[in-house]
Amino acid sequence: MSGSDIAWVLMSSALVWLMVPGLALFYGGFSDVGSTVNTLAMVLIAIAIGGVLWFTVGYSLTFSGNGPIIGDLKHAFLNGVSMTQSTRGLSIPDGAFALFQGMFPMITMAIIAGAVVGRMNFKAFVLFLIGWMMLVYVPLAHMVWGGGLLAQMGAIDFAGGDVVHISSGVSGLVLALLIGKRQHVTQLTAHNMLSIVIGGGLLWFGWFGFNSGSALAANGVAILAFLNTSIAAATAMLTWVMFDLLVFKQVKVSGAVSGGIAGLVAITPGAGFIEPVGAAITGGIVALIVYVATTVIKYRMGYDDTLDAFGLHGVGGVAGGLFTGVFATKALSGQSGLLAGGWHLFGIQVAAIVLTIILSVVMTWVIAKVVAVVTPLRVNEKAEATGVDLWQHGETIVTQIQTTG
């Protein structure tokens, strides 16, 4: 076991956890003042649901057994998971590996909230997340990282393009379509710029652990992933700012932060598999794709993805996965990307993305329909019209000052 590797993975685990409250602040800055508390609650509850389910059965079903779709319950409740030794050929104990991997379902489920905040019944959302983690996240993580079907096919996903971003973004869109549009607000407006900047900064900071920590050691791959993460995000931010200048003749801070996040999403699947030049190209092109998806296509198609969960993560994740298949090098990933004549890898990446989308769409629809039998998916009209915070949570960020005269 390596003390430095253990320290890096423990620190990376904390960084990934920090992304959840970071996302809460980022989403909260865009939320209507009457649904900000609801936004914070729907994001933060993912920590509790993810933490409990991962400890009880999630880790075992993801990383135990040899099934093509799902694992087994050999390590349920972390039974037999060593805190001092590795059974996976790593320089960190199985316990550290389980801890790091357990942070990923938290941020993944939190992303989904962005598509439906302000109009989905909180109780229904909790039930939905429980079903979604077990029927979407865990099978996908097993298939990609646990030696399942996609891994056997040869698909590569360094830190969660398929498992995290495509699954959450697509599921968020499906859930938003099932619930329907908001009654009054349809435009994305920055209400609290400080919250957006602080939240976006925490996301960016945490993403270094998200991607670089996925090397599972303090080594050259971690350095490359860290470097690629920084390059892609910076390039994407600059691209977004340039297009804001071109389209709106203004530099929007909320847009700059969103551009950086688009780059972070895009580089996630290939952070440790491609060279820095590929990371820069990926960040710049995907930022443009996401820009069009969130500022043009979303409104022309008329779907109400409240905080662009699908636009940023779904679209960005798909594009990032494809560019991984373009720029991957054999020396880093074991397979050659499209630029090196690796048509096979690119085809596998496409197949993995399609399978991820199909699983996410079908299971999201099924889970939502089952939850709807138990409790309504949507809040009532009065609660939505007056703001869901007080109705759903009994709290509000609005300070009411009574005056006497």
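Which two side chains meet in a salt bridge at 2.9 Å, N to O? They are the side chains of K298 and D308. A salt bridge here is a side-chain nitrogen of Lys or Arg within 4 Å of a carboxyl oxygen of Asp or Glu. The pair links distant parts of the chain, with K298 in helix 10 and D308 in the loop between helix 10 and helix 11, ten residues apart.

Allow me to state the basis of this talk. The structure is a predicted model, in which local features need pLDDT of at least 70 and side-chain atom pairs count only at pLDDT 80 or more, while totals for chains, interfaces and linings use all residues. Residues are numbered from 1 along each chain as its sequence is written, and side-chain values use heavy atoms, with hydrogens and water left out. Helices (H or I, at least four residues) and strands (E, at least two) are DSSP runs, numbered from the N terminus.

Let us return to the first pair. K298 has a relative accessible area of 2%, so K298 is buried. D308, with 7%, is buried as well. The word buried means under 20% relative accessible area, exposed means over 50%, and partly exposed lies in between (1.4 Å probe, protein chains only).

How many salt bridges does a search of the whole structure find? The search finds four. One of them joins R119 to D304, with the closest N and O atoms 3.9 Å apart. R119 lies in the loop between helix 3 and helix 4 (122-145), and D304 in the loop between helix 10 (276-301) and helix 11 (309-327), so this pair ties together parts that are 185 residues apart in sequence. R119 counts as buried because its relative accessibility is 0%. For D304 the relative accessible area is 6%, and D304 is therefore buried.

D304 also meets the side chain of R182 in a salt bridge of 2.8 Å, N to O. Since R182 is in the loop between helix 6 (161-179) and helix 7, this pair ties together parts that are 122 residues apart in sequence. Both D304 and R182 are buried. R119, R182 and D304 are thus linked in a network of salt bridges.

I turn now to the cavities. On a 1 Å grid over the protein atoms alone, a cavity is a set of points where a 1.4 Å probe fits but cannot get out, and its lining residues have an atom within 4 Å of a point. Grid points are joined across faces, edges and corners, and a volume is the space filled by probe spheres set on the points. There are two cavities of 30 Å³ or more, and the largest has a volume of about 60 Å³. Its lining includes M19, F26, H165, W207 and H313. Helix 1 (3-30), helix 3 (94-113) and helix 7 (193-212) each supply at least two residues of that lining.

Finally, the surface carries a nonpolar patch that includes L178, V350, W365 and V370, and the patch has about 700 Å² of accessible area together. Such patches are made of residues with over 30% relative accessible area and no salt bridge, nonpolar side chains (Val, Leu, Ile, Met, Phe, Trp, Tyr) being joined within 5 Å. Accessible areas come from the Shrake-Rupley method with a 1.4 Å probe. Helix 13 (residues 343-374) gives the most to the patch, with eight residues, and V370 is placed in helix 13.

Key
On a 1 Å grid over the protein atoms alone, a cavity is a set of points where a 1.4 Å probe fits but cannot get out, and a pocket is an open set with protein on both sides within 12 Å along at least five of seven lines; lining residues have an atom within 4 Å of a point. Patches are made of residues with over 30% relative accessible area and no salt bridge: like charges are joined within 9 Å, nonpolar side chains (Val, Leu, Ile, Met, Phe, Trp, Tyr) within 5 Å.
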